[in-house]
Amino acid sequence: MKKMTGAFLAALVTTTYAIAEPVDDTLVVNEDIAIVTRTAAPAHMADAVDEVMSGWLFRGSETRDMQRDDFDNPGMIFVEKAEEAWNTAEGSEGKSCASCHNGSDSMAGVRPVYPKWNEAAGEVRTLEMQINDCRETRMGAEPWKYTGGDMANMTALLASVSRGLPVNVAIDGPAQSTWEQGREMYYARTGQLELSCANCHEDNYGNMIRADHLSQGQINGFPTYRLKNTKLNSVHARFKGCVRDTRAETYKPGSADFVALELYVASRGNGLSVEGPSVRN
């Protein structure tokens with residue numbers, strides 16, 4: 001079903017036992033929020049894969065179980081911190097997020113459509129970009145570091161109130177050229193290892209690479225709490241790490257290149273549920 005590409009990756013994969021397919025399991029958070037973790041691939045993915053699958057299906061049972069209940073999910077600690085920030089006035093305007101939006105639950109439905117085209121700015125914006133725009137133009141506050149803790153916390157909060165809703169990122173109209181740029185990046189081989197995103201997450205998902213189980217690289221669960229570094233990790237921080245692993249010069253978080261890549265990768269998961277903050281290895 002999936003061909004091996006990239007001599008280095010193929011060598012690593014063949015040193016492992018065998019294919020380890022995604023588990024047959026279902027995710028319901030707090031015994032209430034049903035999460036779609038596998039569904040038919042969106043139309044623009046039909047020539048690549050038949051089905052899109054959350055990274056949750058590629059994790060071990062203990063890691064999967066941590067996401068079933070908010071009391072067990074370590075990412076929810078950071079959601080609580082963001083809730084405090086949501087209600088705290090900052091900046092020269094003396095406003096908080098709640099001053100304009102009321103409760104954070106009013107933002108349900110926002111996470112599923114980002115990145116999205118912003119007509120006024122004439123560009124595709126990520127959720128992080130929009131948060132900083134609000135901070136600077138509406139609150140008169142300092143922008144947060146793109147991959148910093150405050151930003152990761154807030155995006156986790158906004159994801160949490162949309163859990164269970166389907167990712168529905170628009171790729172047509174004025175966003176199309178950015179999406180096409182992201183698609184080109186996804187399939188471009190880079191670095192000393194000459195690997196592309198697709199080599200791991202399209203050609204070899206389900207395989208073991210050393211001790212790790214390759215997923216489809218879906219980002220519907222971001223920001224994600226990684227047991228590896230015990231903190232929330234943003235999409236662009238993960239992109240940066242992946243590019244680094246190909247031994248290539250990486251892009252800056254928040255750059256136009258990573259924005260384009262995020263739009264494309266997000267669209268690959270259209271139809272999956274928002275599940276952030278997720279828990280991964």
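# A walk through the predicted model

P223 has its place in the loop that runs between β8 (212-213) and β9 (224-226). The structure shown here is a predicted model, and this loop is where our reading of it begins. The peptide bond that leads from F222 into P223 is cis, with omega near 0°. A second cis peptide bond joins Y114 to P115, with omega near 5°, and P115, like P223, belongs to a loop, in this case the one between α4 (97-101) and β5 (116-118).

From P223 the chain can be followed into strand β9, where T224 lies. With a relative accessibility of 3%, T224 counts as buried, because buried means a value under 20%. The side chain of T224 makes a polar contact, at 2.8 Å, with the side chain of S278. When its neighbours within four places in sequence are left aside, T224 is in contact with K231, L232 and N233, and also with S278, V279 and R280.

These contacts lead on to the sheet, an open one of three strands in the order β10-β9-β11, with mixed pairing. Its edge strands are β10 (231-233) and β11 (278-280), each of which pairs on one side only. Neighbouring strands of this sheet are turned against each other by 40° on average, with direction ignored. In general, the strands of a sheet pair through backbone hydrogen bonds, and they do so either parallel or antiparallel. For β9 and β10 the sense is antiparallel, and the pairing extends over three bridges; within it, R226 stands opposite K231 in β10.

We turn next to the helices, beginning with α7. Helix α7 holds 12 residues, 176-187, and at 1.5 Å a residue it should span 16 Å; its end C-alpha atoms are 17 Å apart, which agrees with that expectation. The residues of α7 that are buried are T178, W179, G182, M185 and Y186. Seen down the axis of the helix, these buried residues fall within an arc of 120°, so they line one face of α7. What covers them includes strand β6 (123-125) together with the helices α8 (197-201) and α10 (256-268).

One residue of α10 shows in detail how this helix and α7 meet. S267 lies in helix α10, and its relative accessible area is 0%, which means that S267 is buried. The side chain of S267 makes a polar contact of 2.8 Å with the side chain of W179, and W179 is one of the buried residues of α7. A polar atom of the S267 side chain also lies 2.7 Å from the backbone oxygen of Y264. Apart from neighbours within four places in sequence, S267 is in contact with P42, H44, V169 and I171, as well as with W179.

Helix α10 appears again in the surroundings of α5. Helix α5 (residues 127-138) has 12 residues and reaches 16 Å from its first C-alpha to its last, close to the 16 Å expected at 1.5 Å a residue. Its buried residues are L127, E128, M129, Q130, I131, N132 and R135. What covers these residues includes the strands β5 and β6 and the helices α6 (149-160) and α10. Just after α5 the chain comes to G140, which takes a positive phi of about 65°.

A positive phi is also found at two residues that are not glycines. E194, in the loop between α7 and α8, has a positive phi of about 50° although it is not a glycine. R247, which is likewise no glycine, has a positive phi of about 65° and lies in the loop between α9 (235-245) and α10.

The last stop is helix α9, in which R244 has its place. Is R244 buried or exposed? At 53% relative accessibility R244 counts as exposed, because the word applies to values over 50%. Although R244 and G191 are 53 residues apart along the chain, their C-alpha atoms are separated by 8.2 Å.

Note on methods
Residues are numbered from 1 along each chain as its sequence is written. This is a predicted model: local features need pLDDT of at least 70, side-chain atom pairs count only at pLDDT 80 or more; totals for chains, interfaces and linings use all residues. Side-chain values use heavy atoms; hydrogens and water are left out. Helices (H or I, at least four residues) and strands (E, at least two) are DSSP runs, numbered from the N terminus. The expected span of a helix is 1.5 Å times one less than its number of residues. Buried means under 20% relative accessible area, exposed over 50%, partly exposed in between (1.4 Å probe, protein chains only). The arc is that of the directions from the helix axis to the C-beta atoms. Contact means heavy atoms within 4.5 Å. A polar contact is a pair of N or O atoms within 3.5 Å; within protein, one must be able to donate a hydrogen and the other to accept it, and residues adjacent in sequence count only if both atoms are side-chain atoms. Two strands pair if DSSP finds at least two bridges between them. Axes are lines fitted to C-alpha atoms, for helices over the stretch in contact, and angles run from 0 to 180 degrees between N-to-C directions.
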